[in-house]
Amino acid sequence: MKFKSQKIAYHFFALSMLLLILQIAYGFIMGFAHMGYDGLHELISFNTASATHKNLLVVWILSGFMGAAYYIIPDESDNELFSVPLAKLQFWSFAIVGVIAVAGFHVGWWEGRKFLEIPRPLDFLVAGNVVLFLVIILMTLLKGKKSSTTAWVLTMGLVFAALLYLPGMVYFDNIAVDSFFRWYVVHLWVEGVWELIMGGILAYLLIKITGVDREVIEKWLYVVVGLTFLSGILGTGHHYYYTGGPSYWLMIGGIFSALEPLAFLGMTIFAVQMYRKGNKKHPNKLALYWTLSTAIVSFLGAGLLGLAHTLPGVNLYTHGTLVTAMHGHLAFWGAYASLVLAIISYSMPLMTGRNIFDNRTGHLAFWCSNIGMFGMTGAFAAAGVAQVYLERIAGYDFMTVAKEIQPHFFVLILAATLFTVGIIYFIVNFLRFGRPTDEALKSDEDFEALKAD
Amino acid sequence: MLSKQQAKVFFLGGTLLFLAIFVGMSIHSLVVGIPENTNDSDMTEEVILGKQLWDENNCMGCHTLMGEGAYYAPELTRVYERKGADYIRTVLNAPNGWAPRGRNMVKYDLTPEEVEGLVAFFEWMNRADLNGFPPEPSVGN
């Protein structure tokens, strides 16, 4: 850690860990309800658990991105953060808005719009909070002694993510128009600008971990994010096939969605090639594992499993079934959750001075959570495909099918238990690091310094 | 070999080009496509009330509509045609909350006007042209 102000990232990472555990708890409530055990129905109905599970995901990932930015931007711009008190204010207001939103879901204060259930009055607080965050990041970058492509790609991703939140704040009477703009936010986040953030953080991690020349990594970063927008922007069309949009979206969405895996494949090749070119001497094996798994699992989850049901002829049958849940879980896990765990694994030793980067707990965290998530994906796949055949092709009633596929949710819960064990191991390691300290300050803390340890 | 500058031009040029196409198609969809496909001009006060209730109660947190939602309760795009208005009223007015085969629906205390709003909303939804969604089951056809 070069600058004291980078320590603020710890707050955001700690919040991410707390919200991740809560997200998993609500996931279990939903899994058991699908199996027929909804004993908490009166207290936490399924739609409450569903809104909470999804929004906690968004908030903990965003918290991780913010923490990553607060750690990376001072390092990349060679400058202290613009204002630590403002960053603390931004952290606490972000956490408080998050708590109010989640509490609100339990008393019916929400809007029934998947992933964007936060009610509009709170949206304005979210927007204000994000503006404050961006001011801090941009001022740090502009006042910095250095400027890097990695820092600008990351920052642009964050700026565009904030701008894209705005279309989701407008109310429309026509639900098809409402849905159209909801995907401006959700799709253009996760299959657009969040990939800029992902590319920026991955590039930073690869520069630090592999020791490969920055110019080479940043050149390929442009290519990867270029592929993302080339395919992802018009790929939004796959959400407009059957939601009231004109029929030309079937062709446009189909073609560009089919190209979307290329961006993720580019990300995979980018990371693996840089690792192969590097000197493989970096001692932080856990950060390396999470970095490479981000690149690989995102391709499998977001790229391949997305492709599996994105073509219009297939999507006509899979749209609105558990097949989407299959894709969604592995995609979010691979592309964004693992990325946040990667930057935490990389930065925590540097912020705390504790060199926990190759221990048994960390490896158990990595393998249990990944194997668990693949098991969950398999369970969702089995349930989803069975649902498609029974309901959409054979014509059985929804509830008849729901009963038939209950056993798959037992498998889901078993796999989710293994996943949870992995996450608990990760959090145990996180707690072992303790809090960041000024004693961890080093003028040149990264690759060479760590190698000397 | 590709230079960093060329890579930057590829990124910025490609993004701007496809963004422009996307914005153009969006405008057409919003001005012409969606209003026609969804019979936007037929949206009565009752339909708008139904849509508000759909949002306020987060029905999408269990059901799906136009295939969008949470996969825990039935898809409702064509529920008006499949089950009829009276069935919808019965479900919404169930005194202890609807519980088909043990799966509990949240109990709502809706006014008669609100129930009719939701019925009107489903009737309006039923007429939307969604490019063939939901598909007709093919076995036996």
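How far apart do the C-alpha centres of domain 1 of chain A and domain 2 of chain A lie? In this predicted model, the two centres are 18 Å apart.

## Two domains in chain A

Let's start with who is who. The domain assignment splits out domain 1 of chain A as residues 1-147, and domain 2 of chain A as residues 307-443.

These two domains touch. Domain 1 of chain A puts 25 residues into the contact, and domain 2 of chain A puts in 26 residues.

## What domain 1 brings to the contact

Look at the side of domain 1 of chain A that touches domain 2 of chain A. The elements giving two or more residues there are helix 1 (9-35) and helix 2 (46-77) of chain A. Helix 1 of chain A gives the most, with 14 residues.

What sort of residues make up this side of domain 1 of chain A? They break down into 15 nonpolar, seven polar and three charged.

## Where chain A meets chain B

Now over to a pair of helices from two chains. Helix 6 of chain A (residues 175-210) and helix 1 of chain B (residues 4-37) have axes that come within 10 Å and cross at roughly 145°. Is that crossing left-handed or right-handed? For helix 6 of chain A and helix 1 of chain B, the crossing is right-handed.

Which residues meet here? From helix 6 of chain A come A:Ala176, A:Val177 and A:Phe180, and they meet B:Ser29, B:Leu30 and B:Ile34 from helix 1 of chain B. The residues of this helix-to-helix contact count as five nonpolar, one polar and no charged.

Key. Residues numbered from 1 in each chain as written. Chains lettered and ligands numbered in written order. Predicted model: local features only at pLDDT ≥ 70, side-chain atom pairs only at ≥ 80, totals over all residues. Domains from an automatic or database assignment. Contact = placed C-beta atoms within 7 Å. Helix = DSSP H or I, 4+ residues; strand = E, 2+ residues; numbered from the N terminus. Nonpolar A, V, L, I, M, F, W, Y, C, P; charged D, E, K, R; others polar. Axes fitted to C-alpha atoms, helices over the stretch in contact; angles between N-to-C directions. Left-handed = near helix turned anticlockwise from the far one by under 90°.
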